[in-house]
Amino acid sequence: MLSASSAETTPFSSWRCSGAIVGEDIPGRTTIGCNNVIGHHAVVGVKCQDMKYKPGGDCFLDVGDNNEIREYTSVHRSSKSSDRTVIGDNNLIMGSCHIAHDCKLGNNIILANNTLLAGHVVVEDYAHTAGAIVVHQFCHIGSFSFVGGGSVVAQDVPKYMMVTGDRAELRGLNLEGLRRHRFSNEEVKGMRAAYRKIFMAVDAKSGGIEDRLTEVEQSEEMAKLDVVCSMVQSIRDSFEKNRRGICKYRHWSGS
């Protein structure tokens, strides 16, 4: 089901396997970039499953280049004309995943089988999920983070970190991911020191998380590293208005 009014592709630049549905005859548009593969019986660019959607309203999906969207995956358009569902470039979305309305996916992401994203979820570059995970609406999954298999994510996952469990808890840095992406020893050492300072404080005088974030920012040794500053900012952003806070953490979840 592909029509000029509902979906746009560059001829011969993307491939649809048998049974795949791309676009739907509803107001708005699904735009597919170059060199994408859409697997058997995947459903991409159809109406959202949001009760707030008003019939007849424009809704949009933008898919970038070089993505692989595997069999039985569903990707829904936005729930309103002022927003869009977005998938960036170079992403692997394995079989039976679900990307709901108004989600924003960056680049170079891996979503393993049966990863289910509720509406308005943001997944940043190079994030990686294991199989059979569920992410609550409006959560943010930070760049270079990892979500363990079977997790239920109800709050934000900060950059560079690993979570797992029901409900998902911080389990340290995503050290394997950082190694694969060639972060330097100095950067990893700095992030580990910052993680311990923020999440593994044993001194009762260390104060709350805001105090510990400030202490990291004021540390000459840690604050000189851009990755540490980025990690701290990712945590701070999660406590802004209309955000969900970060996943819970335990003192023993070292890295």
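Start by selecting Arg 179, which lies in helix 1, residues 175-180. Helices here are DSSP runs of H or I with at least four residues, strands are runs of E with at least two, and both are numbered from the N terminus. Switch on the surface and Arg 179 shows up as exposed, with a relative accessible area of 53%. For the burial labels, exposed means over 50% relative accessible area, buried means under 20%, and partly exposed is in between (1.4 Å probe, protein chains only). Now draw a distance from the C-alpha of Arg 179 to that of Met 200: you should get 22 Å, for a separation of 21 residues along the chain.

A word on what you have loaded: it is a predicted model, where local features need pLDDT of at least 70 and side-chain atom pairs count only at pLDDT 80 or more, while totals for chains, interfaces and linings use all residues. Residues are numbered from 1 along each chain as its sequence is written, and side-chain values use heavy atoms, with hydrogens and water left out.

Next, select Phe 183, in the loop between helix 1 and helix 2 (185-199). Phe 183 counts as buried because its relative accessibility is 16%. Add Phe 144, from the loop between strand 19 (140-141) and strand 20 (146-147), 39 residues away from Phe 183. Their rings form an edge-to-face pair, 5.0 Å centre to centre with 85° between the planes. (Rings of Phe, Tyr and Trp, taking the six-membered ring of Trp, pair if their centres lie within 6.5 Å; planes under 30 degrees apart are stacked, over 60 edge-to-face, the rest tilted.)

Keep Phe 183 on screen and bring in Tyr 160. These two rings are also edge-to-face, with centres 5.8 Å apart and planes at 75°. Tyr 160 sits in the loop between strand 21 (152-153) and strand 22 (161-164), so its pairing with Phe 183 ties together parts 23 residues apart in sequence. At 6% relative accessibility, Tyr 160 is buried. Add Tyr 126 to see the cluster that ring pairs build from Tyr 126, Phe 144, Tyr 160 and Phe 183. Across the whole structure, a search finds six aromatic pairs.

Then jump to Phe 60 and Arg 84. The charged end of Arg 84 sits over the Phe 60 ring, 4.4 Å from the ring centre; the test is NZ of Lys or CZ of Arg within 6 Å of the centre and within 35 degrees of the ring normal.

Finally, zoom out. The protein chain has five helices and 24 strands, and its C-alpha trace spans about 65 × 35 × 30 Å along the principal axes. Of its 255 residues, 48% are buried.
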